[in-house]
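Visitor: Please give me a close look at one part, the largest pocket. Which residues lie nearest its centre?

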Amino acid sequence: MPIADPAAFILENTRLQAVPHAPEISLWLADEITPIWRLTEEELGELGLPPPFWAFAWAGGQAVARWLLDNPSEVAGRTVLDFATGSGLVGIAAMKAGAASVLGTDIDPFCGAAVALNAEANGVAMAFTDRNLLDAPPPPVDVICAGDVCYEKPMTDRVLDWLGQARANGTRVLVGDPGRTYFPKSGLNFLAEYRVPTTRELEDQEIKRSAVWAMA
């Protein structure tokens, strides 16, 4: 059976905690002491819940969030799209850095509840859509942020092509990645690298080197 009240489920199964590499922001996240942490994929399926990527602060997203908080001129007064937003971390960072507006997008509709709760917890307003924006030309926004989008080759290729279209249209495109296999080796300008605390439950290291790049 689908979960009737996603927001209530999130509140019952996660806890509000500071993001390790962006402690100015607190999110409703899963960890070792929250109920959702040990659920298997089969148990999640029985709940009607897709893999809860929204319940974790991924390394690439943490890197982009840190960059925006430290470099608010990137987004101050600008319209921002947080692609594959998950928890809404990057979008929240953009709002805290002075963005005029932020739209978070993710094909998991459960992210809508997560984004709303997390935005409220941080005193910002952030819109959300679960439409697959890859099915249409990139929207005319000033900045697109994308963290942790290079997991699988077919999807990576599709996302990077779409982001490339946005860049050709004049949009500033910021990408955060901790060195995933399919991350591109060209067409990007290096901005910063961070040592992001994570967990071996999610990554292969407790400290993950994660970089922020701008599409050339």
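Guide: I will start at the pocket and then move to its surroundings.

First, the ground rules. This is a predicted model, in which local features need pLDDT of at least 70, side-chain atom pairs count only at pLDDT 80 or more, and totals for chains, interfaces and linings use all residues. Numbering runs from 1 along each chain as its sequence is written, and side-chain values use heavy atoms, with hydrogens and water left out.

Now the pocket. The largest one has a volume of about 820 Å³. A pocket here is found on a 1 Å grid over the protein atoms alone: it is an open set of points where a 1.4 Å probe fits, with protein on both sides within 12 Å along at least five of seven lines. Grid points are joined across faces, edges and corners, and the volume is the space filled by probe spheres set on the points. Lining residues have an atom within 4 Å of a point.

The lining of the largest pocket counts 32 residues. Phe53, Ala84, Asp106, Asp148 and Val149 lie nearest the centre. Strand E3 (79-83), H4 and H6 are the elements that give two or more residues to this lining. Helices (H or I, at least four residues) and strands (E, at least two) are DSSP runs, numbered from the N terminus. By class, the lining has 19 nonpolar, seven polar and six charged residues. Ala, Val, Leu, Ile, Met, Phe, Trp, Tyr, Cys and Pro count as nonpolar; Asp, Glu, Lys and Arg count as charged; the others, Gly among them, count as polar.

Two of those central residues deserve a stop. Most residues other than glycine have a negative phi. Ala84 has a positive phi, near 55°. Asp148 does too, at about 60°. Ala84 sits in the loop between E3 and H4. Asp148 sits in the loop between E6 and H6. Their cover can be read from relative accessible area: buried means under 20%, exposed over 50%, and partly exposed in between (1.4 Å probe, protein chains only). Ala84 is partly exposed because its value is 33%. Asp148 is at 10%, so Asp148 counts as buried.

Next, H6, which spans residues 153-168. Thr156 belongs to this helix. Thr156 is buried because its relative accessibility is 1%. Contact means heavy atoms within 4.5 Å. Beyond residues up to four places away in sequence, Thr156 touches Val149, Cys150, Tyr151 and Tyr182. Cys150 is buried as well, because its relative accessible area is 1%.

Then H4, residues 89-96. Seven of its eight residues are buried: Leu89, Val90, Gly91, Ile92, Ala93, Ala94 and Met95. Just after H4, Gly98 takes a positive phi of about 105°.

H4 also leads into the packing. A nonpolar core is a set of buried Ala, Val, Leu, Ile, Met, Phe, Trp, Tyr and Cys residues joined through side-chain atoms within 4.5 Å. The largest such core has 36 residues, and Ile25, Leu68, Val75, Val80 and Cys145 have the most contacts inside it. Among the elements supplying at least two residues each are H4, strand E2 (22-29), helix H3 (59-70) and helix H5 (110-121). H3 gives the largest share, seven residues. A second, separate core of 19 residues includes Leu134, Ile144, Phe183 and Leu188.

Contacts tie H4 to its surroundings. Setting aside neighbours within four places in sequence, Ile25 contacts residues including Leu89, Ile92, Ala93 and Lys96. Asn118 lies in H5 and is buried, because its relative accessible area is 0%. On the same contact count, Asn118 meets Ser26, Leu27, Trp28, Ser87 and Ile92.

One loop residue remains. Arg78 lies between H3 and E3. Its relative accessible area is 35%, so Arg78 is partly exposed. Beyond its sequence neighbours up to four places away, Arg78 touches Ser73, Ala99, Ala100, Ser101, Asp142 and Val143. The C-alpha atoms of Arg78 and Ala100 are 5.0 Å apart, across 22 residues of chain.

Last, the cysteines. A disulfide is a pair of cysteine sulfur atoms within 2.5 Å, and the count comes to zero. For Cys111 the nearest cysteine sulfur, that of Cys145, is 16 Å away. For Cys150 the nearest is also that of Cys145, at 14 Å.
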